[in-house]
Amino acid sequence: MCKDKFRSKYKHQQHVALRRNMEKMSRVTTALGSNAISGRTMFCHLDAPANAISVCRDATQVVVAGRNIFKIYALEEEQFVEKLNLRVGRKPSLNFSCADVMWHQMEENLLATAATNGAVVTWNLGKPSRNKQDQLFTEHKRTVNKVCFHPTEVYMLLSGSQDGFMKCFDLRKKESVSTFSGQSESVRDVQFSMKDYFTFAASFENGNVQLWDIRRPDRYERMFTAHTGPVFCCDWHPDDRGWLATGGRDKMVKVWDMTTNRAKEIYCVQTIASVARVKWRPERKFHLATCSMMVDHNIYVWDIRRPFIPFATFEEHKDVTTGIVWRHQHDPHFLLSGSKDSTLYQHMFKDATRPVDKANPEGLCFGLLGDLAFAAKESLITSDANRKPFPGGDRRYPMFFFKKPDPTEQFAHVSSALSVFETDLDSHRMDWFVKTAQLYLLSGKPFAELCDHNAKVAQELKRPQVSTTWTMLRIMFSDPANLATPGPNHNLGKLGTLPLMNSFSLKDLGSGMGAESRLERSKGESRQDNIHLEPGNSYISNNEENEETEGSEGHPEYMFGDAELDDDDLYSMEHDNQTEEQEYTLPQEAFQLRHEIVDNPSAPEHLQQDKADSPHVSGNEAEVTCLTPIESFSLISISQPLFSPHLPASFFCPIVREMLSYYAEQGDVQMAVSVLIVLGDRIRKEIDDLTQEHWYMSYIDLLQRFELWNVSNEVIKLSTCSAITCLNQTSTTLHINCSNCKRPMSNKGWICDRCHQCASVCAVCHHVVKGLFVWCQGCSHGGHLEHMMNWLKSSAHCPAGCGHLCEYT
Amino acid sequence: MRHAVAPAENVENHSFTVTDLFKICTHCERLGKKVRERREGGRNRKKKKEKTAKRQLSDLGIRIPRPLGNGPSKFIPEKEILQISKVDSRTQSIFEDAFAALGRLDNISLVMGFHPQYLESFLRTQHYLLQMDGPLPLHYRHYIGIMAAARHQCSYLVNLHVNDFLQVGGDPKWLNGLFEAPQKLQQLGELNKILAHRPWLLTKEHIEGLLKAEEHSWSLAELIHAVVLLTHYHSLASFTFGCGITPEIHCDGGHTFRPPSLSQYCVCDIANGNGHANHHDDLLGNQDMCGEVEVLMERMKQLQECRDDEEASQEEMATRFEREKTESMLVVTSEDEESGPPRDISRHFEDPSYGYKDFSRRGEQVPTFRAQDYSWEDHGFSLVNRLYPDVGQMLDEKFHMVYNLTYNTMATHKDVDTSMLRRAIWNYIHCMFGIRYDDYDYGEINQLLDRSFKIYIKTIVCSPEKTTKRMYESFWRQFQHSEKVHVNLLLMEARMQAELLYALRAITRYMT
């Protein structure tokens, strides 16, 4: 565009703006002076559902259009008064079946409608006859979705249709002056820019928005994709020239800044249903009203800076709202709406519901490890400040978030304070849960051994009740034949001592930890690996050092020293740490997968560990008997022979069932599920499937929150509920990308469609890897597990020859 | 093809497993053929293998089933169907995917292979509906599929899904009849019946009855899933009959144990054009119909041009719709010869006499459904996507795909804009269901669709089980098979959308 032209255009626009400003000023004064607009929330019944409404410039009349209705109502103080029925004639023609209507904002007598049969009709209220129809344009082949008058030009009318065309009509002529093609994509909305004389926006069914210059019908100025799926509506900001709001089927309202080179999304509001109409609120820069096309009947007014909660809501309609319009273009307090429920409403803004007032500004959430976060209104917190919510050694961090108050924002200001409470009481920690989950054995060994093992685990974690439960289960359900053979006396002895040894020996290790473990530590290398591999321990702060020392075996003191340092801070936890180290080897036994991978390097350790354990077991037998828990236990073992030793296992089932329910109710669903799995058929029939399923689901959920994927998977696998086992059968698709071109492999097989190369080739044998693929995270080369292992035993370099020094651990 | 040699351990089994084996064989063959074509001789070797396997089996005293009829369709020659996948690598990869996902490559997919773009979208949707996460359990989905297909006595689909149903662990007892199924599914019977034949009678009371039935009640999400499944299988039944899909070899009616007769050809072969004596006498038929395509094109051109000249009045437009509506009723589809459905299928539904009835007959005036007031794009989609996420999107894509599918060809003519013809077909079907587009001139339908075509459409859409090969052949004689399949796709999707619109509208009304 040549510069002069541009300038003249600019001048013109300035002029228009000036004129409009003056107009606005004068109108505001008249509005205020004569107090033209007043009223209350009111409604009237229409005879038929409305499709669209529009008001005349002076805000005294409203036109309602629909398939079977086309009427003008006067807005009076207390009520709507029907002024005129435009639907005349004996046989109602389809031209009266309106999809949209617009009242000219300059010319009081001029109306335009878009008919569902593709006609664009204009109406002149000044006509003396009953039929006010003025012009009829039947150029569109499909339904016309939208008509729009030019805001300042009297004779210019724009229409957008399903057939993919937009047409500009000069009302003094019989046919359209120009046609804009949307490339056979249906047009849903057209809107003239309020500020730019020549510009209009069009929104399309495929999610695009186009900007056109009215003088250039050959090609759009600009196009961008605004939504996924149809864009049902758009609206220019009445004051800010660059802002365009769009609403789509994807339930979003977006505000675009069009002044920059690329349309930039500056605000986005997510609503709960597809957005049918959007209208900026006059005199409120950040407010807009929306209504939806389906399901949701309310009208929302949003402050776009607060996209999560509507600023105001109007809930009067009983069916979807189809048309909304602000009554006066400079008055933000009146909203008119028409609906499919055949009513026309005037809403007073002061009567609107304010969801903010009802919203609960308090939030409470438990962290995974027992921490508690609490957000509340600042006022509440400060008044409470003297009281300590958690007595004792809890630490408290009140944090205050302030939003910079914006004078234009009319939202109720809520500044909330967020407090985080950390627990370091042992009783509140969830460590035991994680450890128990990892250490429990649920299958793979005889029943008695499983019980013993689990009892041991529980004991180490200082949960004597759980531990005792396991031991009791062992006694109750062990094969009676085994027990019976050695004779009652011997039986007693066996019952008494064997579990004792196993369950308490390690406990003893734990309690008498101080000296022993320190001794072991000084042995250094044998322990060191434990520290590295120990999952989720409290040495996390040491991780970096750990990694440095990894692989080199000569720095045991280093590690040791660090642990010492930690002891000061985490004095209370020292105890736990030690036990963890002791236990660490167990998960290796429990998890097949893990086992395979770390198999070789850790195997010798196993033995050592076992050796270390065994002497303790034998050596501490005597001590064990004097520990307190044993008394409760020995009671049981003595009471046992009072019953017949041949009691069938089923005798205990009701008790066990009660016990499981008890644990589940206490919140220890872990225990319930573990026992359920270990007991298997012995108890399963006693408990109804729904309860079982419920327990499983809760436990799996918990496990997954702690990211204990392996355990959760094991539980799923071992469960017998069909609803649970099928969890493992969903989403089993694995999507792979080609390692060469990084594109998804669409084809079946191992050859990439695009680059015609085999994907994931082993760097050693150059065959395709179809199972486990290991790769170096440094150079991303890899291959078969065993190939890589063998290779890296003999060489430190990458087998692909890239020169990277790969490490296999 | 190795499978065929392996079954030594299956010897004690009855013919069922053997037919299963042959299913795999034939399906592999379809895929394999194309691959092997490049390596000459491979195919022969395979044939030989198959033969030896068969001989081994018969030596073991096992009766070997023989496929009844060649090829996936009774109407379309087999070689033409297999031709496509050989040429088009895209089709082939879709076939491979389908085979990998389902362990079979059914005849429907093979026939749809004429239109790979569509097939892809179709299979994705169907896979999602049946296999992926959704509110209904897997065996319910297949059972609903059976119910829907049985409504049209489509034994092909019923058999297919009976197998699937059992495979996902469905209770075989249910297959004895709807009365053996859970109460919840029985209640769906009514909806199934109305949707299949007279969807315009569906009211929100029906929906309410399903959603508020105490312990047997449906949830909204489940209901949407069920409705989508029902409509999917109703329309798929239309397609199955419309293209004359033959039974799969492993299903009832797909094979016979009768030795090949002396003449070497069974009836189907002959009807199929697969036999030696090709009875497809194009010559005679074409003599008097040779100008058909040209006439059609001329009419389209005329309509395009004279659209603006002749301005039909509003009343005229309205009457044209009514006329088309009533006329579609007059297109009689041998309705009166009430032949009861075969025994074994009718047990899956109740009230077998309930069929399509033209909706404004005998004075029961049902208001016309205005497409502008409740459209798929604006309303239907939102509702489905809200309650059954992703499916709305897939259906939307599928409808869009089929509505816009064109190769710009008509028979032998190239570069033809067929949008007008496609729209006429689409709107004609919706018209039969009482859905009216304000912006459509129903006079066009009369111009573009001739009587035999209308009969075909009406039969397929309203009572597909009555389709005959003659009907298939008597419309659009000069058009290619792929084009006729294209028409079938249009019919199927238009019907599905129409049913869906009625069902969704009822649900929407219930919700408001």
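Gln133(A) is in contact (heavy atoms within 4.5 Å) with Val121(A), Thr122(A), Trp123(A) and Lys127(A), leaving aside its neighbours within four places in sequence. Gln133(A) sits in strand S9 of chain A. Gln133(A) is buried, with a relative accessible area of 18%. Buried means under 20% relative accessible area, exposed means over 50%, and partly exposed lies in between, using a 1.4 Å probe and protein chains only.

This is a predicted model, in which local features need pLDDT of at least 70, side-chain atom pairs count only at pLDDT 80 or more, and totals for chains, interfaces and linings use all residues. Residues are numbered from 1 along each chain as its sequence is written, chains are lettered from A and ligands numbered from 1 in the order in which they are written, and side-chain values use heavy atoms, with hydrogens and water left out.

**Strands of chain A**

Strand S9 belongs to an open sheet of 4 strands in chain A. The order is S6-S7-S8-S9, with antiparallel pairing. Two strands pair if DSSP finds at least two bridges between them. Helices (H or I, at least four residues) and strands (E, at least two) are DSSP runs, numbered from the N terminus. S6 (98–103) and S9 (133–137) of chain A stand at the edges. Each has a single partner strand, so one side of each is left without a neighbour in the sheet. The twist averages 20° from one strand to the next.

Strand S8 (residues 120–124) of chain A is joined to S9(A) by 4 bridges, and the two run antiparallel. Val120(A) stands opposite Phe137(A) in S9(A).

Another pair is S4 (residues 70–75) and S5 (residues 80–85) of chain A, antiparallel over 5 bridges. S4(A) and S5(A) form a hairpin with 4 residues between them. Lys71(A) has Asn85(A) in S5(A) as its bridge partner.

**Two helices that meet**

Helix H20 (residues 669–679) and helix H22 (residues 689–705) of chain A have axes that come within 9 Å and cross at roughly 120°. Axes are lines fitted to C-alpha atoms, for helices over the stretch in contact, and angles run from 0 to 180 degrees between N-to-C directions. H20(A) and H22(A) are therefore oblique to each other. Angles under 35 degrees count as roughly parallel, over 145 as roughly antiparallel, 65 to 115 as roughly perpendicular, and the rest as oblique. Residues making the contact include Val669(A) and Leu676(A) of H20(A), and Trp695(A) and Tyr699(A) of H22(A).

**Three loop residues**

| Residue | Loop | Relative accessible area |
|---|---|---|
| Gln329(A) | between S26 (321–328) and S27 (331–339) of chain A | 28%, partly exposed |
| Asn408(B) | between H18 (391–404) and S4 (409–410) of chain B | 33%, partly exposed |
| Asp415(B) | between S5 (413–414) and H19 (419–432) of chain B | 72%, exposed |

The C-alpha atoms of Gln329(A) and Pro282(A) are separated by 5.8 Å. These residues are 47 apart along the chain.

Most residues other than glycine have a negative phi. Asn408(B) has a positive phi of about 55° although it is not a glycine. Asp415(B) also has a positive phi of about 55°, and it is not a glycine.

**Chain A overall**

The secondary structure of chain A comes to 25 helices and 34 strands. Buried residues make up 48% of its 809 residues. Among contacts in chain A between residues at least 6 apart in sequence, 50% join residues at least 24 apart.
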